[in-house]
Amino acid sequence: MTPELRIEPLNDNPVNGGGDYVLYWMTSYRRLESNYALQRAVELANQLGKPLIVLEALRIGYKWASDRIHTFMIEGMADNQQAANGVVPYYCYLERNAGDGKGLIQAAAQHACAVVTDHFPAFMIPRMVSAAADQVDVRMEWVDSNGILPMAAADKTFSRAYDFRRFLQKNLPDHFGDMPESDPLSRLEHRGGTLPEEILKRWTMATAEELGNPASIVDALAIDHSVPPAIWSGGAAAGKARVKSFIDKTVELYTTDRNHPDADATSGLSPYLHFGFISAHQVFQALVQREGWSPEDVSEQTKGSREGWWNMSPEAESFLDELITWREVGFNMCYHEPETYMKYESLPGWARQTLEEHADDPRDYVYSLAEFEAGNTHDPIWNAAQNQLVREGRMHNYMRMLWGKKILHWTEHPKDALEIMIELNNKYALDGRDPNSYSGIFWVLGRYDRAWGPEREIFGKIRYMTSKSAKSKLRLNAYVEKYTSDQAQLL
Ligand SMILES: Cc1cc2nc3c(=O)[nH]c(=O)nc-3n(C[C@H](O)[C@H](O)[C@H](O)COP(=O)(O)OP(=O)(O)OC[C@H]3O[C@@H](n4cnc5c(N)ncnc54)[C@H](O)[C@@H]3O)c2cc1C
């Protein structure tokens, strides 16, 4: 059964036992496996003796909509359509003009017993979903399939990773027994529902042919065509392949090579996690299998230390600290602080104070958004990182930290730095617009961190980073060369 803790009602309406089907509105967990929301929808359908319908839709009128984001998502829809074939009715709607999709969910819900959707706590999803819940007449609930710890399991916001890690070490074992079913649709008892004809006439669903050729759709949409498709393909199949290759080949380098841009030794899973093409549980389980680990192996010590608690290899422990502690502390923040997680005012008091005290310090360099965006600063290392982001839709983790710190260094005010980081990250990064976009960006300004000395100009007590020190301790020459535009030279 789907854990109660993961299910939250979005309205007070009753289930309509006379409806034709249960509707699963897929907004964020864009996969048919290892998905508590889909699992919950299957359970409801079975309880009510009704079929299940899956509806995945993609609108165009959202911030940062671009060829890059749309193509990645349409590739995911093609996978889902193929996987659903003969298993569950799957409808995929692609909005062609802003506003065309309006009313689709309400219309489909009119014939439903209940609506189940995904509980993604960031970007436009909470607003979109709660607006829909106000307009449907049946019970609507959202289900949390984001992480290993249910978001509702912690009743407060954690402001330090250390405290969250301690909390995880005490509480995570309660949830190891509740992994999502890998194939929830295999338990679906009643197959063969369909959306009513009038809905299909008004909202034409995408065909397999269209989904197989995203450019045929994307080119005609009123979205940002200046951000081209990324180097990676979207979808559950590509996500699973990446998990396999990371666990088989790359994870063993994670402790030694993770920070070296030339080694490119991280998993590259964040875009697949962000769009829900894979679950954190699938990644966790693949690692557990590699390690031959079982829940009894965890240490009794719950002191919040990064190593030793899992009793896995050092590379696996280090990776899990990112996948669970760091990834999920961001979900914790968005869940508990939905109105402020993206605002400057949500920074810890000490960070705001020290940044304000140094806001008027003279800056040697100040760049505009356009100069940053074009990778046009005096620093070839920074420019290389920005070029990677623009060209490929990703940026190496260490470079991401440095990238943010230098934006803070080279803007008039920390609030400008925040705006520029959010704009560039969310516009270009495949994994942008995620709870971890805000964790990472706000970490640059002090969130989850502590005060550091010596106190410096501009940064005050905020942790300081420089390209010079990155160059001296990391292997990054090949990275810089690869992502350097013609005019830039290595420092
Ligand atoms: C300025 C800045 C902006 C960032 N923007 C984003 C963003 O938009 N989306 C995003 O998912 N992450 C963001 N991060 C966090 C981190 O850089 C990426 O999650 C990581 O680089 C993704 O690469 P990977 O999948 O190869 O990571 P791996 O090292 O293979 O880690 C596995 C998974 O753990 C999680 N993870 C790893 N590092 C972190 C971290 N520092 N914080 C939170 N979760 C982490 C991710 O889900 C990642 O996929 C940002 C960090 C900074 C400093």
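Here are a few notes on the ligand site and the cavities of this predicted model.

1. Start with the ligand. It has 24 residues around it, and the closest are Y254, T266, S267, G268 and N397. By class, that shell breaks down into nine nonpolar, ten polar and five charged residues.

2. Then look at the backbone next to the ligand's oxygen atoms. A polar backbone atom of G268 sits 2.7 Å from a ligand oxygen. For L269 the distance from a polar backbone atom to a ligand oxygen is 3.0 Å, and for S270 it is 3.0 Å. On its own the ligand would expose 820 Å², and the protein buries 95% of that.

3. Where does the shell come from? Two or more residues each come from α11 (270-274), α13 (314-336), α17 (397-409) and α19 (435-444). Domain 2 (236-336) and domain 3 (344-482) both contribute residues to the shell, so the ligand lies between them.

4. Now the cavities: there are three of 30 Å³ or more. The largest holds about 90 Å³ of space. Its lining has 13 residues, with R165, W309, W310, D321 and T325 closest to the centre. Helix α13 gives the largest share of that lining, five residues. Six of the lining residues are nonpolar, three polar and four charged.

5. The second largest cavity has a volume of about 70 Å³. Among its 15 lining residues, Y29, N146, L273, G276 and R327 lie nearest the centre. Both α11 and α13 supply at least two residues of this lining. Because domain 1 (1-145) and domain 2 (236-336) both give residues to the lining, this cavity lies between them.

How values were computed: Residues are numbered from 1 along each chain as its sequence is written. This is a predicted model: local features need pLDDT of at least 70, side-chain atom pairs count only at pLDDT 80 or more; totals for chains, interfaces and linings use all residues. Side-chain values use heavy atoms; hydrogens and water are left out. A residue is near a molecule or strand if one of its heavy atoms lies within 4 Å of it. A polar contact is a pair of N or O atoms within 3.5 Å; within protein, one must be able to donate a hydrogen and the other to accept it, and residues adjacent in sequence count only if both atoms are side-chain atoms. Accessible areas come from the Shrake-Rupley method with a 1.4 Å probe; for residues, only the protein chains shown count as cover. Helices (H or I, at least four residues) and strands (E, at least two) are DSSP runs, numbered from the N terminus. Ala, Val, Leu, Ile, Met, Phe, Trp, Tyr, Cys and Pro count as nonpolar, Asp, Glu, Lys and Arg as charged, and the others, Gly among them, as polar. Domain bounds come from an automatic or database domain assignment. On a 1 Å grid over the protein atoms alone, a cavity is a set of points where a 1.4 Å probe fits but cannot get out, and a pocket is an open set with protein on both sides within 12 Å along at least five of seven lines; lining residues have an atom within 4 Å of a point. Grid points are joined across faces, edges and corners, and a volume is the space filled by probe spheres set on the points.
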